[in-house]
Structures are given as C-alpha cells and as structure tokens.
Amino acid sequence: MRLTFLALLGSPVLAALLAALARPYRAWAGAAGAMLSLLSLAAALRLAGRVLAGATPTWGPGEMMRVDALSALLAVCVSFVAALAAWLGPGLGRDAHYGPGQARRFRIFSSLFAFTMLAAVTANNVAVMWVAIEATTITSALIIPLTVSKASVEASWKYILICSVGIALAFVGTVLGYFDYIHLAGESESALNWTSLMAAAPAMHPRVVELAFVFILIGYGTKAGLAPMHTWLPDAHAEAPAPLSAMMSGVLLAVALYAIIRWKAVVGAAVGSTLPDRLLLVLGLASLAIASLSLVGQRHYKRLLAYSSIEHTGLMCLGLGLGPLGAFAALLHLVNHAVAKSMMFFLSGRILDRYRTTELGGVSGLLRAMPVTGGLFAAGMLALVGLPPFGMFLSKFALVRAGFATGHPWLMAAVLALLLIAFVALLSQVHRMLYGALPDGVAVGEGNRWGLVPLGLCAVLLVAMGLGGFGLLQALLDRAVEVTAR
Amino acid sequence: MGSLFAQLAVMGSSLVLIFGLLLLWRRGSAAHIAAFTAQSVALAATVAVIARFTGSAELWVVAAMFLAVKGVVMPLLLKRMERRFGESRELDPYVNTATSLVIGGLLVLFAYIVTRPVVEVSQLPTRAGMPLAMGLIFVSLLVIISRKKALTQVIGFLMLENGIALLAALGTYGIPLIVEVGVFLDALMGFLVMQIVVYRIQQTFESLDIEQLNRLSQ
C-alpha cells in the first residue's frame with residue numbers, strides 16, 4: 001500500500017515542484033501536473049477498491065495515515081476535482097487571460113492545496129488533520145487574487161482572517177479532546193489517533209467532550225461555510241479564479257465537514273448523539289435559510305453559485321444530524337455536490353471569459369452564444385435544485401425521509417419551504433441567462449472545445465448517480481455511514 | 001513543589017492575559033507590538049516553568065521556539081510592517097475603549113464558567129491557569145472583531161494563538177512535539193501569508209483601514 005499512498009499524496013507535491021522549478025514557466029510543467037493529477041485519482045480509486053474489499057490501508061510511523069470508507073470517499077472526490085482543476089486550469093498553453101507568472105503561481109498553489117486536502121482526509125491523527133486543514137487556507141488564500149484587484153484582495157483578506165480564526169478555535173477543541181484523553185489513558189504516541197480516541201470515547205468526561213465539540217463545530221463550521229460564520233465564503237468563491245472556486249466549493253467545504261463528522265463520531269461514542277445532532281440541525285437550518293434567502297435577488301452569477309454552496313452545506317449538515325439514513329443522504333449529497341458544483345464553477349469561468357462580466361444582468365442569450373456550455377449550465381442548475389434524473393434528487397429525497405423517520409416533521413416542512421425558495425430563485429435567474437438577446441460584442445461559438453469534455457463527463461456522472469447506476473458508490477457510502485455512526 | 005509550581009503557572013498565565021488586555025486600551029500599533037512581544041516572552045517563560053517542574057525535554061524545546069519565533073522574529077516582522085505603513089492608530093474602533101474593557105472583563109468571567117468542567121477534571125497543579133488562557137482566547141476574538149486596522153487584527157490573531165498554546169501547555173503539558181512543530185510551522189506560514197495580503201491591501205487600497213473593504217457587502 002506504500003506506493004498507493006505515495007502516488008496519492010506525492011503526485012500533487014511533485015506537480016507543485018515541477019511548476020516551481022520550470023523557469024521560465026513552460027506548458028510542459030502544467031501538462032506533467034495534469035498527468036500526475038490522474039495518478040493521484042487512480043491511487044484514490046485503488047484505495048477505495050481496497051476498502052470495498054474489506055481492508056483498511058494504513059501507512060507511516062504509528063499508522064499516521066489510515067484510509068477507511070469515509071476517508072476513501074473524500075479522497076476520491078478531492079482527487080477528482082483536483083484533476084479537473086489541473087486539466088482545465090491556467091498553465092496548459094494558449095491562455096489569453098493569464099501570464100506565465102500567474103500560471104506558475106496557480107500550478108504551485110493549487111497542487112499544494114490538493115495535497116493538503118488529501119492529507120487532511122487520510123490522516124489518522126486529529127492534530128495532523130488540523131495542521132493539514134489549516135494549511136488549506138494558506139495555500140488557497142494566495143491564489144484568490146490571481147488577478148490583483150480591490151475585490152479579490154479584499155476577498156482573500158476576509159478569507160484568511162476569518163478561516164484562520166475559525167480553525168484556531170477548532171484547535172482549542174482538539175486540545176480539549178486531547179486533554180480529556182490523556183487524563184484517562186496517559187500520554188502516548190497514538191493518543192491523537194482517531195482509532196485511540198474512538199476506543200477511549202465511552203470513558204471520557206461528558207462535559208469536557210461536549211465543550212470540545214462546540215469549539216470543533218464552530219471552528220470547522222467556519223471553514224465549511226456554515227451560517228452565521230459563512231461571511232467569507234461568497235466573496236472568496238466569487239473572486240477566486242474558476243478552477244480554484246471549483247476546488248473550494250466542490251471539496252474544501254466537504255473536507256471541513258469531514259472533520260466535523262469524525263469528531264461527531266467520537267462525541268457520539270462518548271455522550272450519545274443528542275447534543276451534536278441538535279447543534280448540527282440548528283446550524284444546518286440557519287445556513288439553509290440564510291443561503292436560500294440570499295439567492296433571491298442576487299445580482300452576480302458566481303455569488304449565486306457561492307450561496308448555493310452554503311445552501312448545500314447546510315443540507316449536508318442537516319443530514320448529519322438525522323441518524324444513519326440522514327448521514328447516508330448527506331454523504332451522497334456531498335459526492336453529488338462535489339461533481340455538480342465544480343462543473344458549474346468551471347462553466348461560470350467559461351461564461352466569464354466570453355461575457356467579461358460576473359453580473360447576471362450582463363449575461364443573456366447564453367444558449368445562442370455557447371450552446372454546449374449553456375446546455376451544461378442549465379443541466380447543472382437542474383441538478384443543483386434537485387430535479388430528477390440527477391443524483392441530488394435522490395439525496396434530497398433521502399434526507400427528507402430521514403427527517404420524517406426521526407420525528408422532525410416541522411423541521412422538514414421548513415426545509416422544504418426553503419428549498420422551494422432556492423428552486424424558484426435559481427431557475428428564474430438561469431432562465432434569464434440562457435435566453436434573450438445576445439449583448440453587443442459577444443462572439444458566438446464555443447471556443448475551447450476540449451475543455452468541454454471533462455465537464456460533459458461530470459454531467460454524465462450526475463445523471464448516472466441519479467439513475468441509481470452507482471452500485472459501488474452505494475457500497476462505499478454504506479460503509480462510510482457505519483464509520484460515522486459507530 | 002506543588003504549590004510553588006502552581007503559583008508560578010498562575011502568575012505566568014495572568015501576565016499573558018494582562019498583555020492581551022493591553023491591546024484593548026492602547027491604540028497605537030507600536031504599543032500593540034510591544035504588548036505582543038511581552039506576552040510571547042511571558043508565554044515562553046510559563047512554558048519553561050512547566051518544563052522545569054515536569055522535567056520534560058520536549059517542553060524546553062517548545063519554550064525556546066516560542067521565545068525565538070514569537071518573541072523575536074514575529075515582532076521584528078511586525079515592526080517592519082509598521083515602519084512601511086507608518087504608525088497606525090485605532091482612532092475609531094467599532095467598540096470604544098471603555099466598553100471594550102468591560103466586555104473583556106466579562107469575557108474572562110465567561111471563560112471561568114466555560115472551563116469549569118475542564119478544571120474539575122484536571123489533576124494537574126497548573127489547572128488554575130486554564131481559565132486565564134481561555135480568557136485570552138476570548139479577548140483576542142474581541143480584538144479581531146472590534147478593531148478596524150488590519151495590523152491590529154493580525155496581532156489579535158497572533159495573541160489568539162498564544163492563548164491556545166498556553167491552554168495546551170497548562171492542560172496537557174504540551175501536545176506531542178511533532179504535532180507542536182507542525183502547528184507552529186502552520187502558524188508561521190499563516191502569519192507570513194497574512195503579511196503578504198496586508199501588503200496587497202496597502203498597495204491596492206492605499207490604506208490599512210478595513211472599513212475600506214466593503215465592496216463585497218452585497
């Protein structure tokens with residue numbers, strides 16, 4: 001398994017090194033990075049295969065890295081979106097908007113960003129995971145202002161300050177958890193391992209564990225974009241270059257949620273899941289409400305997508321608070337969201353390239369200008385609002401069923417009402433973008449056709465997940481749910 | 001040994017907290033940097049005290065790291081930033097000085113309430129300092145929220161990290177060294193990146209007042 005871990009985590013580091021060493025920057029460094037991203041994805045798939053076969057691969061001194069079903073699921077999502085970013089991002093030649101210096105910066109930091117996320121989801125040690133998640137902020141903050149403007153600098157300042165503070169609070173929670181553990185079992189090398197924490201959890205002090213979880217939830221919740229700590233998110237996602245937005249929205253939020261899921265399992269084993277469930281439901285509903293209402297009357301399409309990310313994170317958070325079926329729905333939603341939202345951000349990058357504006361008012365006649373891009377954008381939007389035949393229909397349906405099954409009919413009524421608001425807001429905005437007269441000076445034709453191939457693949461995946469063609473995924477999800485609720 | 005150790009630990013923690021509170025009533029950035037420097041030295045000293053009484057070699061290393069990086073390197077970098085931007089003063093914070101101090105006091109009280117279960121569980125002689133460390137964490141959050149200058153916010157964030165480091169040292173005699181080093185590198189990198197962004201703010205906005213940063217409020 002050593003080679004697989006090395007391929008998973010080493011490839012992005014190597015890609016970053018190549019981009020850093022190629023002076024002056026050449027497109028081959030980007031191409032090599034794109035190939036390496038596929039190697040990383042293959043390694044993640046292989047790990048997932050091993051997990052499905054019943055193994056739990058580990059690596060490093062003191063089992064520092066460990067991949068169970070939940071880790072494998074996240075690793076596949078992260079490496080998939082990272083591969084999309086590597087293939088579609090700047091730095092592969094023929095780029096009108098970014099110079100070689102910008103391309104190099106993007107290549108270096110997006111690869112390191114992918115590495116930190118992969119390390120976070122495969123680390124067995126809670127503190128190593130924390131270090132990795134903190135590092136995701138550092139690596140991504142530097143390329144939000146890839147093109148320096150007042151708005152992008154402001155966005156990166158908000159992002160780095162708010163997220164650093166949030167992550168610091170998560171560390172307070174981690175320290176409190178560690179504190180409780182060593183008072184129980186004494187100091188040891190493996191004290192901060194998930195496996196040790198889970199084993200010791202039933203004997204931990206309930207009040208201390210609860211306190212730790214509050215800090216953890218606020219801390220990682222900030223990074224996951226949960227309301228009311230979400231204020232950095234719309235700015236960062238809207239101002240970042242499209243491939244980075246895709247990575248941040250598609251998987252960074254999921255990685256932060258992953259940390260919460262892990263800790264929730266520990267807390268659940270220590271004090272039962274009543275308190276964590278209640279907190280998750282409150283934060284989830286708040287995020288859903290704020291996001292859905294912000295979607296109404298939104299004037300920028302990238303901000304529209306950003307608020308939709310908050311909405312979906314809120315939904316996942318709700319699912320996590322609704323028992324095993326809810327957890328299943330949340331994880332299925334997570335996978336669908338990773339594919340759908342990254343596709344949408346890449347498409348929004350294409351639209352921005354063509355129309356040169358992020359204002360909704362400036363985009364119309366998209367189907368005429370770029371038929372395939374427009375068609376995929378419409379399909380992605382239908383997927384996001386949860387219509388069949390897309391996968392999110394199934395996950396939302398499962399979520400609502402879980403809500404009724406666990407006795408939260410009023411909560412589910414509120415959720416459905418908010419989903420309806422989001423549905424109307426998103427579809428009416430998209431309708432305005434797709435049809436209507438083409439603004440003056442906007443060329444007709446697709447431009448870079450090859451860039452559409454990976455995005456078409458995303459759409460196919462979304463439909464496949466919606467039509468139930470996901471036997472292996474379901475097996476992986478089932479095992480992951482066992483991890484969350486053990 | 002127990003009682004002297006306990007007294008020194010509480011004294012050190014109190015000093016660390018008091019230097020944090022200084023941020024609330026002084027307005028000039030020079031005073032803020034001085035307060036942060038003094039706080040870092042007090043933190044390093046407290047960790048050294050714990051290392052001395054527990055005989056932990058790892059904690060000596062941690063204390064030395066704190067002294068070198070937080071007590072010397074970071075203040076130098078902060079002073080360089082200050083020289084480049086000129087003395088920046090919090091002339092008009094979101095919350096005025098008197099109110100800030102009252103809130104700060106309440107936050108320390110709140111920290112005592114929050115940490116009660118933790119202090120009850122702990123058997124360590126250092127446990128009495130933990131509420132003070134938690135108090136510093138809350139006060140730093142207040143600084144970050146209520147002040148307008150990017151430089152003050154950065155210092156508030158660094159103090160937040162000092163508070164967490166103190167909490168870890170008092171409560172657990174330090175997290176494993178390898179983790180501590182990772183956390184430390186992260187903190188340093190984070191600080192450097194913040195510095196880069198602050199320079200960019202200065203370049204693009206020609207001001208360090210984050211009031212200017214309101215283009216994205218919609």
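**Close-ups of a predicted model**

**View 1. A left-handed crossing: H1(A) over H4(A).** This is a predicted model, and the first close-up looks at two helices of chain A, H1 (residues 2–21) and H4 (residues 100–122). Their axes sit 8 Å apart, and the packing angle is about 165°. Anything over 145 degrees counts as roughly antiparallel, so that is how H1(A) and H4(A) are described relative to each other. From H1(A), the contact uses Leu8(A), Leu9(A), Pro12(A), Val13(A), Ala15(A), Ala16(A), Ala19(A) and Ala20(A). H4(A) answers with Arg104(A), Arg107(A), Ile108(A), Ser111(A), Leu112(A), Ala114(A), Phe115(A), Leu118(A) and Ala119(A). Sorted by class, this H1(A)–H4(A) contact comes out as 14 nonpolar residues, one polar and two charged.

**View 2. Gly60(A), in a loop between two strands.** Here we zoom in on the stretch that links strand E1 (58–59) to strand E2 (65–66) in chain A, where Gly60(A) is found. Gly60(A) has 15 C-beta neighbours inside 10 Å, so it counts as partly exposed. If you want a landmark elsewhere in the chain, try Ala246(A): 186 residues separate it from Gly60(A) in sequence, and the C-alpha to C-alpha distance is 31 Å.

**View 3. Where chain A meets chain B.** Chain A puts 37 residues into this contact, and chain B puts in 37 residues too. On the chain A side, the elements giving two or more residues are helix H5 (126–141), helix H6 (150–185) and helix H8 (206–224). H6(A) gives the most, with 20 residues. As for chemistry, the chain A side splits into 27 nonpolar, four polar and six charged residues.

**View 4. Domain 2 against domain 3 within chain A.** To get your bearings, the domain assignment cuts chain A into domain 1 (1–123), domain 2 (125–271) and domain 3 (273–486). This close-up is about domains 2 and 3, whose C-alpha centres lie 23 Å apart. Across the boundary, 30 residues of domain 2 are in contact with 33 residues of domain 3. On the domain 2 side, the elements that give two or more residues are H8, helix H9 (233–239) and helix H10 (242–271) of chain A. H10(A) gives the most to that side, with 16 residues. The domain 2 side holds 20 nonpolar residues, along with eight polar and two charged ones.

Terms used: Residues numbered from 1 in each chain as written. Chains lettered and ligands numbered in written order. Predicted model: local features only at pLDDT ≥ 70, side-chain atom pairs only at ≥ 80, totals over all residues. Axes fitted to C-alpha atoms, helices over the stretch in contact; angles between N-to-C directions. Helix = DSSP H or I, 4+ residues; strand = E, 2+ residues; numbered from the N terminus. Parallel < 35°, antiparallel > 145°, perpendicular 65-115°, else oblique. Left-handed = near helix turned anticlockwise from the far one by under 90°. Contact = placed C-beta atoms within 7 Å. Nonpolar A, V, L, I, M, F, W, Y, C, P; charged D, E, K, R; others polar. Buried ≥ 20, exposed ≤ 12 C-beta atoms within 10 Å, placed from the backbone. Domains from an automatic or database assignment.
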